[in-house]
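Me: Please take a close look at one part of this model for me, the surroundings of the ligand. Then move on to the other parts that can be described.

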Amino acid sequence: MKRIVITGAGGQIGSELVTSLRERYGTEAVMATDIRPLPDAVSNDGPTAILDAQDYNAVAQTALAHKADTIFHLAAILSAVGEENPSKAYDINMGTLRSVLEVARQEKYSVFTPSSIAVFGPTSPKEKTPQNTVMRPTTMYGITKVAGELLCDYYHRKYGVDTRGVRYPGLISYGAPPGGGTTDWAVDIFFQAVEKNRYTCFLDKNTTLPMMYMPDAIEASIQLMEADPNRLVHRNAFNVTAMHLNPQTLANEIKQHLPNFTIEYKVDQHREAIAQSWPRTIDDRAAKHEWDWSPKYNLKSMTAEMITELSHSLN
Ligand code: NAD
Ligand code: AKB
């Protein structure tokens, strides 16, 4: 992995992944692309392009011009926004993946595609959800993620494309804002806590979901792409997790730093129903076993760092 193109690089994950990959492989080696203009932090430091990843020709031309060997494919519509326009979510999530995989097949590129805990549904086990289990999601987002995992498996098995991916849980970060997911509350709560000392949460106080701090998510992606392929059995769909929490647990931890912080609940039934259909905890032993996955941050260390960073940037 030496010459990389990232799709959807302006999003919550991409804007931080670009920086980490440029530190690792060199600024010029990492081409950041998105359908919308990229943030200054990304575009002022290294190659960028406006790219609609649904457009096969544009993906091929951009990757060839960059002499790429790897694509990190992050362009997608997330769960809550996806339910507002399921047809658009289907078109973008499947259309972008299809063109990326086709270019990878032609040019023999490696591809990283994130999946999500959204592949699971109400009939999947809720606790310690296994690596291999029932997957009947009830959101369009989840449906495209299951189909995406299968498509990546197919391109690997049939064409030998080096496809890899993880099922991220909800991701918490202080950089680019989240893009419209059900787990966005776990980011919003920190911004509102530091700015206003109070937060109105759209999920119920007891709704527990698997979560991870962004530095661990970035490390997971890079570590998996650098892993020995001979050890990988579950190439495109590794369960990964770092912690599980609900709004009440996180609010209590935030209060350790901001004692006057208060939380109230105004539950949005649409997003609550999505969250209720997802796992509460995840079994990530396959990732630990096959590529030595191990998160560095837990609830305490993540909360302390989020509050320190946001106190500097927002105040
Ligand atoms: P995001 O919404 O923050 O960013 C997605 C980016 O894709 C945006 O910048 C958007 O402009 C871009 N995009 C949309 N349509 C495009 C197109 N046609 N061509 C090119 N770019 C396009 O999302 P994110 O949180 O950074 O997620 C990245 C990936 O990780 C997605 O596949 C998502 O499903 C997955 N994921 C994210 C989380 C999370 O909590 N953030 C959890 C699980 C999985
Ligand atoms: C979402 O909530 O849609 C994402 C995800 C867990 O995939 N954060």
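Reply: In this predicted model, 28 residues surround ligand 1. The closest are Gln 12, Asp 34, Arg 36, Tyr 141 and Lys 145.

Now take the nitrogen atoms of the ligand. A polar side-chain atom of Asp 52 lies 2.9 Å from a nitrogen atom of ligand 1. With Ala 53, the backbone does the job: one of its polar backbone atoms is 2.9 Å from a nitrogen atom of the ligand. Ile 35 also uses its backbone, with an N or O atom 3.4 Å from a nitrogen atom of ligand 1. How much of the ligand does the protein bury? Taken alone, ligand 1 exposes 830 Å². The protein buries 94% of that area.

Next, an open sheet. It has 3 strands in the order 9-11-13, and the pairing is mixed. Strand 9 (170–172) and strand 13 (243–245) stand at the edges. Each has a single partner strand, so one side of each is left without a neighbour in the sheet. From one strand to the next, the twist averages 45°.

Look at one pairing in that sheet. Strand 11 covers residues 209–213 and pairs with strand 13 in the antiparallel sense, over 3 bridges. Follow one residue across: Leu 209 has Leu 245 of strand 13 as its bridge partner. A helix belongs in this picture too. Helix 8 (residues 214–226) lies across strand 9 and strand 11. Its direction is about 85° to strand 11.

After helix 8 comes a loop to strand 12 (238–239), and His 234 lies in that loop. What does the side chain of His 234 make a polar contact with? The partner is the side chain of Asn 132, at 3.2 Å. Leave aside the neighbours of His 234 within four places in sequence. His 234 is then in contact with Gln 131, Asn 132, Ala 286 and Glu 290.

Last, another pair of strands. Strand 10 (residues 198–201) and strand 14 (residues 262–265) pair in the parallel sense over 4 bridges. Here Tyr 199 has Ile 263 in strand 14 as its bridge partner. Which face of strand 10 does Tyr 199 belong to, covered or uncovered? Tyr 199 and Cys 201 make up the covered face. Arg 198 and Thr 200 make up the uncovered one. In a regular strand, side chains alternate between the two faces of the sheet.

Notes:
Residues are numbered from 1 along each chain as its sequence is written. Chains are lettered from A and ligands numbered from 1 in the order in which they are written. This is a predicted model: local features need pLDDT of at least 70, side-chain atom pairs count only at pLDDT 80 or more; totals for chains, interfaces and linings use all residues. Side-chain values use heavy atoms; hydrogens and water are left out. Two strands pair if DSSP finds at least two bridges between them. Helices (H or I, at least four residues) and strands (E, at least two) are DSSP runs, numbered from the N terminus. Axes are lines fitted to C-alpha atoms, for helices over the stretch in contact, and angles run from 0 to 180 degrees between N-to-C directions. Contact means heavy atoms within 4.5 Å. A residue is near a molecule or strand if one of its heavy atoms lies within 4 Å of it. A polar contact is a pair of N or O atoms within 3.5 Å; within protein, one must be able to donate a hydrogen and the other to accept it, and residues adjacent in sequence count only if both atoms are side-chain atoms. Accessible areas come from the Shrake-Rupley method with a 1.4 Å probe; for residues, only the protein chains shown count as cover. Buried means under 20% relative accessible area, exposed over 50%, partly exposed in between (1.4 Å probe, protein chains only).
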